[in-house]
Structures are given as structure tokens and as C-alpha cells.
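Biologist: I should like to learn how the features of a protein model are read. May we go through them one at a time?

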Amino acid sequence: MIDVHFVPTPNGHKVSIMLAELDLPHRLIGYDMLGGAHLTPEFRRINPNAKLPAIVDPEPIGGGAPFAVFESGAILLYLSEKTGGALMPRDPRRRSMAQQWLMWQMAGFGPMHGQAHHFVRYAPEGQTYPVTRYMNEARRLLGVLDRRLAEAEYLAEDYSLADIAVWPWARAARVIDIDLADYPHAERWFDAIAARPAVERGTGVRNAPNLASARPVLTAEQWSNLFGDNMLRSGER
Ligand SMILES: N[C@@H](CCC(=O)N[C@@H](CS)C(=O)NCC(=O)O)C(=O)O
């Protein structure tokens, strides 16, 4: 039974969708991120970066002691390897495509959309420069996705873990007022993936209403846990 240290955010849903697709027994361990539950020395032993998600596999590839994996993209690769290469194309070109789009998600699409969410939803209002910068980048990257999906049914032609990595962030675009209908090929791909039973199961756990709202209201303590001194100081404990 794999332990999944989890919050129902786009990065968390990548892992819960992958586990549902693979039908791997797992247990979701929820964290109160607003309360700073992830800022503990115990969790830092699982993820030195103190972010969610992370997994602990009691029966790791190659045997031995339970093994922890952090970074959602690395978790998808690990789970694929554990299941003999599931959701990773066998064909070498397609396999490389899946790796390329996974890296694109982890290094570009996710972080840029994440910053757009931060400045639109969490930062004090009225900061036009960062809002414009990250919304432009979020839209530009959706354009890249749309053009790819105009030429291929899925990112690596076959449905793969690259689609699983990108899909939850495409889903979150509506919260920052981006309409996927403006990206018709991405919307066609989005709807096809949304209809998969495993995706429905993998997104069954929802965010708390406050965090899911367009403009979450945080107490000073909660803000500090996520973005301020508590978050900064936690690494020193
Ligand atoms: N690159 C990381 C990002 C993880 C991440 O930022 N997780 C967020 C939740 S989606 C988090 O833990 N936030 C709490 C914090 O930043 O203190 C991954 O893909 O796993």
C-alpha cells in the first residue's frame, strides 16, 4: 500500500489520477496546508523540499527499505517504472515526446500557471506588472499546448503520463478566468481525458472551498505558513 502525502491541488491530482489509472493500492494522507502541516521535520524527511505531493513505497522497485519520492513528475516516472513502463510509450520517439512534454509541464506550464494563480488570487490586489507577466505566460503556454494538440491526439500521440501531468493544470485555468474554449484543440483533449473513469476517481478529493475559490481569504498565520516567515523558518527547525 503506497502512502501518498497529498493535497487535492493540480500537483496532487497528477499522482492520484496516475494511481487510479494504474489501479495501484494506495492510501491518501491529507495535509492541512493552510495550518502548516507540511512544515514539520518529519515531513521534511520524506520531502526535503517540504511540498506536496510525495509518496512512500513500502515495497520499492529493487526491494529494500521503504522509499520516498518527491516532485510530482518524478513520482509519475517512478510509478510507471514500478508497473513495467505503464503510461509511457514503448516506441522510442513517443517515449521521448512523453519525457519532453513532462519536462515542459514541470519546468514551464505548472510553475508559470502557479505564479499566475499566486498573483491573481493570493497577492495583494492591484499589482498589474506580475499579473500581466504571468497571465501572458499562462496564455502563451496554453497556445503551445493547443498547437501540439492540433497535430496529435495526445501529447506523445499515445495517452501517457505527460497528459496526466498537464491535465490538472489545464483544469485549474478556469479559476484564473481563462476559458479553454479559446483553445479548441486543448479543449477537445481536455474533455476526452476528463471522461476517463480513472480521472474521475483520481480527482474525487476536492480542495477546501476556501482554497478552491477565486480569491481565497487567509488569516495572517495561514498566509505565513504558505508564503511568509513560517514557511521560511520551517527549514531551520
Ligand atoms: N514541483 C513540485 C511543486 C509542489 C508544490 O508546490 N506543492 C504545493 C501544493 S500544489 C505545496 O506544497 N504548497 C505548500 C507550500 O508551498 O508551502 C511538484 O510538482 O511536486
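Modeller: Let us begin with the contact between domains, bearing in mind that this model is predicted. Contact is counted where heavy atoms lie within 4.5 Å. Here, 23 residues of domain 1 are in contact with 23 residues of domain 2.

Biologist: Which parts of the chain form domain 1 and domain 2?

Modeller: Domain 1 consists of two stretches, 2–86 and 210–234, whereas domain 2 covers 92–200. The centres of domain 1 and domain 2, taken over C-alpha atoms, are 20 Å apart.

Biologist: Which residues surround the ligand?

Modeller: A residue is counted as near a molecule if one of its heavy atoms lies within 4 Å of it. In this model, the surrounding residues are T9, N11, M33, H38, K51, L52, P53, E71, S72, M106 and L226. Sorted by class, this shell holds five nonpolar, four polar and two charged residues.

Biologist: How are polar contacts to the ligand recognised?

Modeller: One looks for a pair of N or O atoms within 3.5 Å. An oxygen atom of the ligand is 2.5 Å from an N or O atom in the side chain of K51. For the side chain of S72, the corresponding distance from a ligand oxygen is 2.6 Å, and for that of H38 it is 2.7 Å.

Biologist: What percentage of the area exposed by the ligand alone does the protein bury?

Modeller: The ligand taken alone exposes 510 Å², and the protein buries 81% of that.

Biologist: Where, among the pockets, does the ligand lie?

Modeller: The ligand takes up the space of the largest pocket.

Definitions and conventions:
Residues numbered from 1 in each chain as written. Predicted model: local features only at pLDDT ≥ 70, side-chain atom pairs only at ≥ 80, totals over all residues. Heavy atoms only, no water. Polar contact = N/O pair within 3.5 Å; in protein donor to acceptor, adjacent residues only side chain to side chain. Areas by Shrake-Rupley, 256 points an atom, 1.4 Å probe, with all protein chains shown as cover. 1 Å grid on protein atoms, 1.4 Å probe; cavity = no way out; pocket = protein on both sides within 12 Å on 5 of 7 lines; lining within 4 Å. Sits in = over half its atoms within 2 Å of the grid points. Nonpolar A, V, L, I, M, F, W, Y, C, P; charged D, E, K, R; others polar. Domains from an automatic or database assignment.
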